[in-house]
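Work through these exercises with the model open. Each task is followed by a worked solution.

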Amino acid sequence: MINAKSLYQEVILDHNRKPRNYGALSNANHHAIGHNPLCGDRLDISLNLEDDHIDGIAFQGESCAICKASASMMTAAVKGKSRGDAEILIHEFRDMATGKLDLDNPHHLGRLTVFSGIQELPTRVKCAILPWHTLHAALNSVMSASTEAENDPIHLSAGNG
Amino acid sequence: MKSVDATLEHDVTFASEMEKVRADFPILKLKVNGKPLVYLDNAASTQMAQPVIDRLVYYQTSQHANVHRGVHYLSETATLEYEGARQKLQRFVNAREDREIIFTSGTTEAINLVMHGYGRKFIKADDEIILTTLEHHSNIVPWQMLAEETGAKIRVVPINDAGELLIDEYEKLFNHRTKFVGLIHVSNALGTINPVKQMIAFAHMHGVPVLVDGAQAAPHMKIDVQDLDCDFYVFSAHKLYGPTGVGMLYGKAKLLESMQPFKGGGEMIASVTFEKTTYNTIPHKFEAGTPPIAAAIGFGAAIDYLLSIGIDEIHTCEMELLHYATELINALPGVHVIGTAASKTSVLSFVVDGIHPHDIGTLLNQEGIAVRTGHHCAQPIMQRFKIPATSRASFAFYNNRSEVDAFIAGIHTVQKLFS
């Protein structure tokens, strides 16, 4: 059992207090809104995709600290990356959060592995995944994402609200 | 001075009596994350006392068979005990007859039964259904489904900043098209106790029947359906120290008889041919299929247990905890209680500046403290207060002051962590 308090102390509170890339992006050409109807969290992600590279990315919205920290670290991680590399991170992060990724095998998550403990807080998995969900929607120009939609581009198999 | 001493003595005796009651609940000895469990999610579901658990075990080990079917010993025994539970419920809510009590799977199914059985038969296009802002989704969505199907309209009673219904506005909503009122007795999200008797009397002046959702009322106060004169009253066993999977619908016999069945199947019929089926009498008309027999008997045992503690004693104990907790939480800077009605049950809904309720819930859980976080299946209330969610502590008679202290200390710890 992980200690939720230490998870908060290590990383979440820092990004919650000082979220990176927070706000709107003026020259955005891709945008999506993520929504978790179970807790009312809303996340707005805009990004500027040039030659299949994420030139700029920003997020804003109302959410819990886990969601905000996940969004903050995500934007820092994917800025400057290609669409393909971002998609790999999206899949790896989702698999890690739902306990399907063996972190002993090669992966690209780096510091994002601080979220690996979230799999032991099943009611909070969706909080961590929502930003990644929304990023996937933005990259594919799906204008709105939800953790509950049946036809969602990423179908969640674990976690509940 | 003598009278003060006597009061103090009474308080001490009362507190130690309630502490003994606590020993009846085996789950309260549990440790969560290495800390003693502090269970403050009683408005979502209550814990079960050993005598009720024992009753379920006894039924399952010595009395189980299907009801109303066989002529053998066990079937007769199970039927007697199942119908005995119905009579306990009848006495508990003071219904005129036991056939006015229908076993359902819970409050939600009871409301759906009334929507299908009464609503679909008697409510037509442009008719109006009055609901309140305080309703749980279970008393909103079925009526919206009916409105969509029939073209009926939903009118909503607003609330003030304390979370109390605006009775003047309620009365203004009535007109010749008003055909039904759905009314929550006690708000699950805020704890507000609504003046249902007065509201029912007003609806009846307009000839309009009233369904009262008593899920959050029945565990805390004496329910007298004849005194209230409600047409339907519904609640669940698992919020009343009983098992999940069972609840009850009280309905006035005349209304129940006029209604169409909700579910078709065995038990609810008098005779079946492929040409025509005649329905059974109430309550069986509404109890198609094998009912939750064990759970219904456990429901009866839970009521026996509750009455052995005493509704007045429960009320005294819970009010004491609510006032103690409210005073302490109000002293914490940055914490705001949502729902400050003059008349409340032991529900404390709150928000903390800069900290999302889900983070509070996760971190309190780390201390072994169970609270509910979210919209409490009452999103219209959240919209009214312009908040996405709250944290909610709800106290039962088996909670005590030291648990309230742990809860307050827990919030303080979370605030320090986020500061």
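**Exercise 1: a turn in chain A**

Is D51(A) buried or exposed? Solve this first, then place the residue and check its backbone.

Step 1. This is a predicted model. Relative accessibility of D51(A) is 73%. Exposed means over 50%, so D51(A) counts as exposed.

Step 2. D51(A) sits in the loop between β2 (41-50) and β3 (53-62) of chain A.

Step 3. Phi of D51(A) is positive, about 50°, although the residue is not a glycine. Most residues other than glycine have a negative phi.

**Exercise 2: a loop residue in chain B**

Find the loop that holds N94(B), then classify its exposure.

Step 1. The loop lies between α3 (73-93) and β4 (101-104) of chain B.

Step 2. N94(B) has 30% relative accessibility, so it counts as partly exposed.

Step 3. N94(B) is not a glycine, yet its phi is positive, near 60°.

**Exercise 3: the buried side of a helix**

Which residues of helix α7 in chain B are buried? Explain how they are arranged.

Step 1. Helix α7 spans residues 196-205 of chain B, and V196(B), M199(B), I200(B), F202(B) and A203(B) are buried there.

Step 2. These residues lie on the same side of α7(B), because they cover an arc of only 160° around the axis.

Step 3. Their cover includes α6 (167-172), β7 (178-184), β8 (210-213) and α8 (225-228) of chain B.

Step 4. Just after α7(B) comes G207(B), with a positive phi of about 70°.

**Exercise 4: a cis bond**

Locate the cis peptide bond between I282(B) and P283(B).

Step 1. Omega of this bond is about 5°.

Step 2. P283(B) belongs to the loop between β12 (277-279) and α10 (293-309) of chain B.

Conventions:
Residues are numbered from 1 along each chain as its sequence is written. Chains are lettered from A and ligands numbered from 1 in the order in which they are written. This is a predicted model: local features need pLDDT of at least 70, side-chain atom pairs count only at pLDDT 80 or more; totals for chains, interfaces and linings use all residues. Side-chain values use heavy atoms; hydrogens and water are left out. Buried means under 20% relative accessible area, exposed over 50%, partly exposed in between (1.4 Å probe, protein chains only). Helices (H or I, at least four residues) and strands (E, at least two) are DSSP runs, numbered from the N terminus. The arc is that of the directions from the helix axis to the C-beta atoms. Contact means heavy atoms within 4.5 Å.
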